[in-house]
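Please look at the structure shown here and consider how each descriptive word applied to it can be justified. What value stands behind each word, and what cut-off is it set against?

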Amino acid sequence: MIGMDILQPVVALLAWTMVMWVWMYATRIPAMNKAGIDAKTLVGGEGSSLRAKLPYSVSWKADNYNHLHEAPTLFYAVALVLAITGTGDGLNTTIAWAYVALRVLHSIVQATWNRVAVRFALFALSSLALMALILHAAIAVFHG
């Protein structure tokens, strides 16, 4: 179908988000056990309340999982607009794949090494890709 190629990077980022969910719990649950935290007795609070009790590197995965529910929501919306308007192929698909690659790199950096300057550079580049997609969607919707 015309313009639907952009749905491939959408599904890829959705799948990556689930990879981060698995990675988060694969590190968080053993760390909680090691710290003597019994999840069955926890009442209220938030995941952030565990930050002081767990190693930083464990929290980094949770932080990234949360980040994958912020700016990427705009990506999902703009990709759907581009697909619906039939303009989600060609250059827009290439930009979408670049966005996904940058977000995956951002995740890997944040979850392992967590150098803020590198994370920021990747986030800024992904934001530029997102802005380009939004511009193209605006052109398609308002001048199509």
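The questions and answers below take up the model, which is a predicted one, beginning with the chain and going on to single helices and residues.

Q: How many helices and strands does the secondary structure of the protein chain come to?
A: The count is five helices and zero strands, and from the N terminus on the elements run α-α-α-α-α. The C-alpha trace spans about 60 × 30 × 20 Å along its principal axes, and 39% of the 144 residues count as buried. Among contacts with a separation of 6 or more, 80% are accounted for by residues 24 or more positions apart.

Q: What makes the end-to-end distance of helix 5 agree with its number of residues?
A: Helix 5 covers residues 116-143, and at 1.5 Å a residue its 28 residues should span 40 Å. The end C-alpha atoms of helix 5 are 39 Å apart, and therefore the distance agrees with the expected span. The same reasoning serves for helix 2, whose 12 residues should span 16 Å and whose end C-alpha atoms are 16 Å apart, which agrees.

Q: Which helices do the buried residues of helix 5 pack against?
A: They pack against helix 2 (56-67), helix 3 (71-84) and helix 4 (91-113). The buried residues of helix 5 include R119, L122, L130 and L133.

Q: Why is helix 1 called roughly parallel to helix 4?
A: The axes of helix 1 and helix 4 come within 9 Å and cross at roughly 10°. Angles under 35 degrees count as roughly parallel, and so helix 1 is described as roughly parallel to helix 4. Helix 1 brings Q8, P9, A12, L13, W16, M20 and W23 to this contact, while the residues from helix 4 include W97, Y99, V100 and R103. By class, the residues of the contact divide into 13 nonpolar, four polar and one charged.

Q: Which residues of the largest nonpolar core touch the most other members?
A: Of its 26 residues, I6, L13, F75, Y99 and L133 touch the most other members. Two or more residues are given to this core by each of helix 1 (7-34), helix 2, helix 3, helix 4 and helix 5, and helix 3 gives the most, with seven residues. A second, separate core has six residues, among them M32, I37, L54 and V58. In soluble globular proteins, nonpolar side chains tend to be buried together.

Q: What is Y99 in contact with, leaving aside its neighbours within four places in sequence?
A: The contacts of Y99 are L13, A71, P72, F75, S126, A129 and L130.

Q: Why does D63 count as buried?
A: The relative accessibility of D63 is 18%, and buried means under 20%, so D63 counts as buried. D63 is found in helix 2 and touches R51 and Q110, not counting residues up to four places away in sequence.

Q: How do you know whether K61 is buried or exposed?
A: K61 has a relative accessible area of 8%, and because the cut-off for buried is under 20%, K61 is buried. K61 too is found in helix 2, and what covers the buried residues of helix 2 includes helix 1 and helix 4. Not counting residues up to four places away in sequence, K61 touches M20, W23, M24, T27 and A111. K61 and L7 are 54 residues apart in sequence and, C-alpha to C-alpha, 26 Å apart in space.

Q: Why is I139 called partly exposed?
A: The relative accessible area of I139 is 43%; buried means under 20% and exposed over 50%, with partly exposed in between, so I139 is partly exposed. I139 lies in helix 5, and its C-alpha is 44 Å in space from that of S49, with the two residues 90 apart in sequence.

Q: What sign does phi of N114 have?
A: Phi of N114 is near 55°, a positive value in a residue other than glycine. Most residues other than glycine have a negative phi. N114 has its place in the loop between helix 4 and helix 5, and its relative accessible area of 15% is under 20%, so N114 is buried.

Methods:
Residues numbered from 1 in each chain as written. Predicted model: local features only at pLDDT ≥ 70, side-chain atom pairs only at ≥ 80, totals over all residues. Heavy atoms only, no water. Helix = DSSP H or I, 4+ residues; strand = E, 2+ residues; numbered from the N terminus. Expected span 1.5 Å × (residues − 1). Buried < 20%, exposed > 50% of the residue type's maximum accessible area, 1.4 Å probe, protein only. Contact = heavy atoms within 4.5 Å. Core = buried A, V, L, I, M, F, W, Y, C linked by side-chain atoms within 4.5 Å. Axes fitted to C-alpha atoms, helices over the stretch in contact; angles between N-to-C directions. Parallel < 35°, antiparallel > 145°, perpendicular 65-115°, else oblique. Nonpolar A, V, L, I, M, F, W, Y, C, P; charged D, E, K, R; others polar.
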